[in-house]
Each structure stands twice: as structure tokens, then as C-alpha cells.
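Dear colleague,

Please find the structure below, handed over for your review. A summary of the findings follows it.

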Amino acid sequence: MLKEFQEFAVKGNVVDLAIGVIIGAAFGNIVTSLVGDIFMPVIGAITGGLDFSNHFIPLAKSVTADNLADAKKQGAVLAYGAFITIAINFLIVAGVLFLLVRGINILRRRQEAAPVVPSRSEILLQEIRDLLAKTGAGKGAPGA
């Protein structure tokens, strides 16, 4: 059983998946910082500091607080502002990821469109093949 587990754990797919998860987590931190530290301050400056995170509707009569943290302590609230903030963050992240994937696809297309230059030995082999075809030599040779 230990040997089977070892074979499973060191298979390429498992290792690739583990690496993907680790890189994904690190990339998630980068995107979170990009949104929270770069894009949201710019959006806040453009919108005059508009912040939805403290917008809520009290669902209990005991809720009298004017900020979400205190209101949640007092009773049930419908925190629609937090949802709006998360939705905006999602749109920003989706936009950034779209631009990233688009850039990668452009680079791939350029790489695929680049002409493949044959090596010097390939050119020489093609010339030999063409000369043999012209002279008729090699027609009776095995494998020809």
C-alpha cells in the first residue's frame, strides 16, 4: 500500500497539480493586492471616496448602529454594500485576468506565426534529396 501511494504521489499529474495550486495561491495574492492596493484607491479617488462596505439594511429593531461591524453585533442586518464591493472586486479581477490571458494569446499567435527556419543540416539533406530525385538515383535502393 505504501508503494502504491508513493507511485501515486510522484506521478507527473499530481506534482503538476500541486505546483498549479501553489502558483494559483500566489497569483491570487498578487491579484488581491492589485485590486486592493492599486485599482480600488484609484476608483475611490475617481468616485470621491465612495465606499459601499458600510451600506446595510437593519433587519432587527435593535440595530441602531451606523457602521456595519457594530450593526452586526446588535442584530441581523442585510449587508448589501459588502456584496456590491465584492461584485466590483470580481469585475476588476475578471478584467485583469482577461487582459492577461489576451496578452498570452497574442504572444502565442506571434510565436506560431513565426516562420520555422530549417537548420543547415536539414537544408543540406533537402538538397541531397532533390538531387537524387533529379538524377533518378536511389530508385532501386531499399527504403526508397
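**Salt bridge, core and surface patch**

The count comes to 1 salt bridge in this model, which is predicted. The partners are arginine 129 and aspartate 130, whose closest N and O atoms lie 3.1 Å apart. This distance falls within the 4 Å cut-off, so the pair qualifies as a salt bridge. In general, side chains of opposite charge can pair when their charged atoms come close. Arginine 129 is classed as exposed because its relative accessible area is 51%, where exposed means over 50%. Aspartate 130, at 37% relative accessibility, is counted as partly exposed.

Turning to the interior, the largest nonpolar core has 6 residues: Phe56, Val63, Ala65, Leu68, Ala71 and Val77. As a general point, nonpolar side chains in soluble globular proteins tend to be buried together. Within this core, leucine 68 may merit your attention when you view the model. Leaving aside residues up to four places away in sequence, leucine 68 touches Ser53, Asn54, Phe56, Val77 and Ala79.

There is also a nonpolar patch on the surface, of about 400 Å², made by Phe27, Ile30, Leu97, Leu100 and Ile104. Helix H2 (12-46) and helix H4 (80-113) each supply at least two residues of this patch. The most is given by H4, with 3 residues. One of the patch residues, leucine 100, is found in helix H4. Leucine 100 has a relative accessible area of 41% and is therefore partly exposed.

Yours sincerely

Definitions and conventions. Residues numbered from 1 in each chain as written. Predicted model: local features only at pLDDT ≥ 70, side-chain atom pairs only at ≥ 80, totals over all residues. Heavy atoms only, no water. Patch = residues over 30% accessible without salt bridge, like charges linked within 9 Å, V, L, I, M, F, W, Y side chains within 5 Å. Areas by Shrake-Rupley, 256 points an atom, 1.4 Å probe, with all protein chains shown as cover. Salt bridge = Lys/Arg side-chain N within 4 Å of Asp/Glu carboxyl O. Helix = DSSP H or I, 4+ residues; strand = E, 2+ residues; numbered from the N terminus. Buried < 20%, exposed > 50% of the residue type's maximum accessible area, 1.4 Å probe, protein only. Core = buried A, V, L, I, M, F, W, Y, C linked by side-chain atoms within 4.5 Å. Contact = heavy atoms within 4.5 Å.
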